[in-house]
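Here is a walk through some of the charged residues, a metal site and a few backbone details. Keep the viewer open and click along as you read.

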Amino acid sequence: MRMYFPEIYPDELVYSWFGRFAVHSGYINSQLLQFLYSKRSDTPIKEFIGNLNPEARECIAKIYPLRELVLKHTMYPQYARFVPLNQRQDALYKLCYENCDMHHLFAVLPRCENERYLKYCPECAREDRKKYAETYWHRKHQIRNIGICPKHKCKLLDSSVPAKSMSLYSFVTAEEVIPDIEESISVESPLQIAFAEYTEQVFDSPVDFVKDIPISATLYHAMKDTKYMKSTGSSRYMTKFVDDMTHFYEQIELNEIATISRIQKTLLTGRGYDFSIACQIAFFLGMKPEALTDPQLSEEQIKQEAESHYIKGSTTPEWEEYDAKMSVAIESVAADIYSGAADNLGKPEKVTEKLICKILGIKEHRLENMPKSRAVLDKYSESYPESWARKLVWAYEWLANNEEDVFYWKHLRKLTGVKKARFDEVIPYLKKYADEDEMKSIMAIVKGI
Ligand SMILES: [Zn+2]
């Protein structure tokens, strides 16, 4: 087979280019796979090129230098930008010339619910079709957490094509799945637009193949002279920083706001290199994109940051103290809710994180970094059917003690809020909380006997 590749469009994913190549040349998926890759078991990843066989690699390299292809048409600038220099260089070489799995090259964070499909911008699709008579998968629309098209300031939409590679690999072109006419949803929030533009600028900046400045050092020096760091530089006020940053990004519809542990990993351990987390921290700190992508730090400054790393794992003493204090408070509040001591009538309730956090004024996102508090909550966790069973047994006993007359399901329901339709789910738990007589009586009441 001869290979006649179509022209690759600006910012087009290689995956998209290969898909169009198949359509233009009339190949079916299995032919294309055989053609490009070594084994059928190779599952090329949509964000990169995949393990090309030597002939295909040679042929493609003649059309387009592989290095340029990786830099301009894969998600390399996202995943590699903040990893250490030697890893950055090594990954680029391997992506061009070796058979490798991207998961061995970079730490790739799992995708959240909102990032499971390849995304597109209806306006870009319209423009592409006008200009090229077809549309294609754009790289920038796939940047994690970008949310909106940086060019048209409208929401990116999910296609039906999973962003992850499936074991049954298929090339689906954007032209096949993006509707011909679709309304775009414009985004008005200046903050959200600014964040998307910022992300785009960072993504577009040349990847540095000369300097080796850890991202943790860049961010450390950006945090200096802010209220989040002691003037001596010896410690940072992480609780306040994370709270303020979370609050800041809650104003934007981000797909996933950086969590405490990821922020700490990036800032405090020097082992976190995620693109979106770094962008979120830098944008929040008001750093210019160049300050993030082309930092100017002296050896002395880099050393200073390295020495500031906390030796004690990824948690700070401040957090441990807060966790210890709150876990005691959670235990006492949770015990009262669970047993019914917190209720006027003595009705037991299900202990939920939301409720506990509300009562104690704990921000829910903080729990992730509070292992002691988590352990207490886990101890009280139960399914809804189990909590209904406990409540029904309590209600039965309460009615038996307080009502003179016989009572019916409606009385139980009024006290507990449990729906009869869900009763089947409750039965397995009933015998855990009721004795045999109670169990029989409750069953009889439910059946209306
Ligand atoms: Zn667009």
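Is Lys119 buried or exposed? It comes out as buried, because Lys119 has a relative accessibility of 10%, and anything under 20% gets that label. Bear in mind that this is a predicted model.

**Salt bridges**

Lys119 has a partner for its charge: it forms a salt bridge with Asp158, with the closest N and O atoms 2.8 Å apart. That pair links distant parts of the chain, since Lys119 belongs to strand 1 and Asp158 to strand 2, 39 residues apart. Asp158 itself is partly exposed, at 39% relative accessible area.

The structure has 31 salt bridges. Another of them brings Glu47 and Arg111 together through their side chains, at 2.9 Å from N to O. Glu47 sits in the loop between helix 2 (29-36) and helix 3 (54-63), while Arg111 sits in the loop between helix 7 (102-105) and strand 1 (117-120), so this pair ties together parts that are 64 residues apart in sequence. Glu47 is buried, with a relative accessible area of 7%, whereas Arg111 counts as partly exposed at 22%.

Then there is Lys227 with Asp244, whose side chains meet in a salt bridge at 3.9 Å, N to O. Here Lys227 is in the loop between helix 11 (215-223) and helix 12 (238-250), and Asp244 is in helix 12, 17 residues apart. Lys227 is exposed, with a relative accessible area of 55%. Elsewhere, salt bridges that share partners join Glu12, Arg20 and Glu134 into one network.

The three pairs side by side:

| Pair | N to O distance | Separation in sequence |
|---|---|---|
| Lys119 and Asp158 | 2.8 Å | 39 residues |
| Glu47 and Arg111 | 2.9 Å | 64 residues |
| Lys227 and Asp244 | 3.9 Å | 17 residues |

**Two more buried charges**

What does Lys347 do for a partner? Lys347 is buried yet has no salt bridge: the nearest side chain of opposite charge belongs to Glu349, 4.2 Å away. The cut-off for a salt bridge is 4 Å, so that pair is not counted. What Lys347 does have is the backbone oxygen of Leu415, 2.9 Å from a polar atom of its side chain. You'll find Lys347 in the loop between helix 17 (317-339) and helix 18 (353-360). Leaving out residues up to four places away in sequence, Lys347 touches Ile337, Gly340, Lys391, Trp394 and Leu415.

Arg81 is another one to click on. It lies in the loop between helix 5 (76-80) and helix 6 (85-97), and it counts as buried at 6% relative accessibility. Two backbone oxygens approach polar atoms of the Arg81 side chain: that of Ser205 at 2.7 Å and that of Pro206 at 3.4 Å. With residues up to four places away in sequence set aside, the residues touching Arg81 include Tyr76, Arg88, Asp204, Phe275 and Thr293.

**The zinc site**

Which residues hold the zinc ion? Its protein donors are Cys121 (SG), Cys124 (SG), Cys149 (SG) and His152 (ND1), at 2.1 to 2.3 Å. The angles among the four donor atoms run from 103 to 112°, and the site is tetrahedral. For reference, the ideal angle for four tetrahedral donors is 109.5 degrees. Along the sequence, the donor residues follow the spacing C-x2-C-x24-C-x2-H. Cys124 is in helix 8 (residues 122-132) and Cys149 is in the loop between helix 8 and strand 2 (157-162), so these two tie together parts 25 residues apart in sequence. Both Cys124 and Cys149 are buried.

**Backbone details**

Most residues other than glycine have a negative phi. Asp11 goes the other way, with a positive phi near 60°. Asp11 lies in the segment before helix 1 (14-25) and is buried, at 16% relative accessibility. Asp225 also has a positive phi, about 65°, although it is not a glycine. Asp225 is in the loop between helix 11 and helix 12 and counts as exposed at 83% relative accessibility.

One last stop is Ser276, in helix 14 (residues 275-284). Ser276 is buried at 7% relative accessibility, and beyond its neighbours within four places in sequence, Ser276 is in contact with Arg144 and Asn145.

Conventions
Residues numbered from 1 in each chain as written. Predicted model: local features only at pLDDT ≥ 70, side-chain atom pairs only at ≥ 80, totals over all residues. Heavy atoms only, no water. Helix = DSSP H or I, 4+ residues; strand = E, 2+ residues; numbered from the N terminus. Buried < 20%, exposed > 50% of the residue type's maximum accessible area, 1.4 Å probe, protein only. Contact = heavy atoms within 4.5 Å. Polar contact = N/O pair within 3.5 Å; in protein donor to acceptor, adjacent residues only side chain to side chain. Lys, Arg positive; Asp, Glu negative; His and termini not counted. Donors = N, O, S within 2.8 Å, 3.2 Å for Na, K, Ca; no water. Tetrahedral: all angles 85-135°; square planar, octahedral: opposite > 155°, others 65-115°.
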